[in-house]
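Thanks for making room on the agenda. I will put the structure up and then go through it piece by piece.

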Amino acid sequence: MKKNFQIIDRRDFLKKTGLGAAALALSPALLAQAQANGKLRIAQIGVGAMGVEDLKAISSHPLVEVVALCDVDSTNLGKAAADFPQAKTYADYRVLLKELKKDIDAVVVSTPDHTHAPASLMAMKMDKAVYCQKPLTHHVSEAREMKKVAEKKGLVTQMGIQVHSFYDYKLATLLIQSGIIGKVHTVRAWSPKNWGTDDPMPQGSDPIPADLDWNLWLGTAPERPYKEGEYHPGNWRKVLDFGCGTLGDMGVHIFDTPYNALALDVPRTIKNECRQPSGFGFPENNIVTYEFPATPYTAETLTWIWSDGPGAPADHPDLALPNGDKLPDQGAMFLGEKGRLLLPHFMQLPRLIVDGQYKEMDIAQFNLGEPVKDYAAESKKHYHEFVDACLGKTECSAPFSYSANLTETILLGVIAGRFPNETLHWDSKKARFEEEKANEFLDGKYRKF
């Protein structure tokens, strides 16, 4: 690992990694159809943890050919390569994209959060379709940039929120939009997961494992010593420089259906009740309150309250269930003028509650077929939808035009955690907070690596 490094501006990085975008961009559908075997040629960036699942799911489509694999961990890379011996292997996604620019049609990005945007944008500027895991980006400015590039180039894109394509969540969206509980005035969402820490930054360093390229793992993030068990392979979600906390991990999934069902944009105000910032890790418990402007499905103002960490959510009359039933571990509750709708996370049907009692619903009217209880089959839909969209057969349901706004909303709550108990005011048109001190966290400096 280099001892000296430079900080470069994000925009300069994006410009340099664009590698001179073609004047005329072919759509991924045309690129794929041009291949003699009629298959979509995929490069998978990140093959550890969720990357393995992404690779399995997308390669299960009969018209996908995996031509390249990339990971900074050679052990992970070796395991994936054993299943796809025909694929070329790389440690550095930049080298992969430069060398195989003409040999791939689409890229799947399954890295830690801080590398989502750098890898995705480099591929997008080469006119590649991109499937990127959630949350879409690490910074608000990156989300806006990815949305902008995707729209400008007309690229097929999809964020990895697999539950977006699940039966239960589609049903909840249709129920809310049918007016089953009337105009919605409040949503409460929760997860007891704890991607936070009150520990200070670890001191000292440990030997870097022989199978890990630590410099490439850090990527554009600030340089720091390697510490065993602190970052790679899993705990990076807790750390400000790499992840987005519980809100960024589970909030994206659990927010998605209410966000989609209520046709929300971005919030006007955000407040996070949490501990004072440590400068290293995310808070262990967050209560984030958003206020959104009205939509056709909401009251004049929609209030959204997110709770995470051990014990979440706290008891509240809004969350009381009939018969003394226990809340699901994770989920969301819609509160409307005519009742409430409970949406567990995941693989459970929504429940209608009126006057303190469960009420049966006519779900046959929505023509969704029978409820599906096979997670693997449900999950594949989202990946296959991306492939089929690249081949010109359908459209993606979570393109960056949608998922960038959802991600922005999540990240505004993450930023609010740096200003505990203070209401921040967001100006969407200007892409800035009224509170100037918060604006420095909308972007980030990229390390040259």
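Let me begin with a single residue: which residues does Gly-413 touch, not counting residues up to four places away in sequence? They are Leu-247, Ile-270, Asn-272, Val-288 and Tyr-290. Before going further, I should say that this is a predicted model.

Staying with Gly-413: this glycine lies in helix α12. Its relative accessible area is 0%, so Gly-413 is buried, the cut-off being under 20%. One of the residues Gly-413 touches is Val-288. Those two are 125 residues apart in sequence, and their C-alpha atoms are 6.3 Å apart in space.

Helix α12 also holds Ala-404. Is Ala-404 buried or exposed? Its relative accessibility is 2%, so Ala-404 counts as buried by that cut-off of under 20%. Leaving aside neighbours within four places in sequence, Ala-404 is in contact with Leu-136, Ala-143 and Lys-147. Take Leu-136 from that list: Ala-404 and Leu-136 are separated by 268 residues in sequence, yet by 6.6 Å in space, C-alpha to C-alpha.

Now the chain as a whole. There are 12 helices and 18 strands. The radius of gyration is 22 Å, close to the 22 Å that the globule rule gives for 449 residues, so the chain is as compact as a globular protein of that length. Along the principal axes, the C-alpha trace spans about 60 × 50 × 40 Å. Of the 449 residues, 57% count as buried. As for contacts, if you take those between residues at least 6 apart in sequence, 71% join residues at least 24 apart. The two pairs I just described, Gly-413 with Val-288 and Ala-404 with Leu-136, can be read against that figure.

Next, the interior. The largest nonpolar core has 102 residues. Which of them touch the most other members? Leu-96, Leu-97, Met-124, Trp-217, Trp-304, Phe-334 and Phe-433 do. By element, the largest share of this core comes from helix α12, residues 400-416, with 10 residues. Apart from this core lies another, of 26 residues, including Val-64, Ala-80, Leu-391 and Cys-396.

Trp-217 is worth a stop. Setting aside neighbours within four places in sequence, Trp-217 is in contact with Val-72, Pro-112, His-114, Thr-115, Leu-212, Tyr-231, His-232, Trp-236 and Phe-242. Keep Trp-236 in mind for the next part.

On to the pockets. The largest pocket holds about 900 Å³ of space. Its lining has 43 residues, and those nearest the centre are Gly-48, Ala-49, Met-50, Ser-110 and Trp-236. So far as elements go, α3 (50-59), α9 (214-218) and α10 (245-261) each give two or more residues to that lining. Which of the elements gives the most? That is α10, with three residues. By class, the lining of the largest pocket divides into 19 nonpolar, 16 polar and eight charged residues.

The second largest pocket has a volume of about 640 Å³. Of the 38 residues lining this second pocket, His-138, His-139, Leu-240, Asp-241 and Arg-418 are the closest to its centre. Here the elements that give two or more residues are α7 (140-153), α10 and α12. The most come from α12, which gives four residues to this lining. The class breakdown for the second largest pocket is 16 nonpolar, 15 polar and seven charged.

Last, enclosed space. How many cavities of 30 Å³ or more are there? The count comes to one, and its volume is about 40 Å³. The residues that line this cavity are Tyr-169, His-253, Ile-254, Gly-331, Ala-332, Leu-343, Pro-344 and His-345. Two or more of the lining residues come from each of α10, β12 (331-336) and β13 (339-344). Five of the lining residues are nonpolar, three are polar and none is charged.

To gather up two elements that kept coming back: α12 gives the largest share of the largest core and the most residues to the lining of the second largest pocket. Helix α10 gives the most to the lining of the largest pocket, and α10 is also among the elements with two or more residues in the lining of the second and in that of the cavity. That is what I have for today.

Key
Residues numbered from 1 in each chain as written. Predicted model: local features only at pLDDT ≥ 70, side-chain atom pairs only at ≥ 80, totals over all residues. Heavy atoms only, no water. Core = buried A, V, L, I, M, F, W, Y, C linked by side-chain atoms within 4.5 Å. Buried < 20%, exposed > 50% of the residue type's maximum accessible area, 1.4 Å probe, protein only. Contact = heavy atoms within 4.5 Å. 1 Å grid on protein atoms, 1.4 Å probe; cavity = no way out; pocket = protein on both sides within 12 Å on 5 of 7 lines; lining within 4 Å. Points joined across faces, edges and corners; volume = space filled by probe spheres on them. Nonpolar A, V, L, I, M, F, W, Y, C, P; charged D, E, K, R; others polar. Rg over C-alpha atoms; globule rule 2.2 N^0.38 Å.
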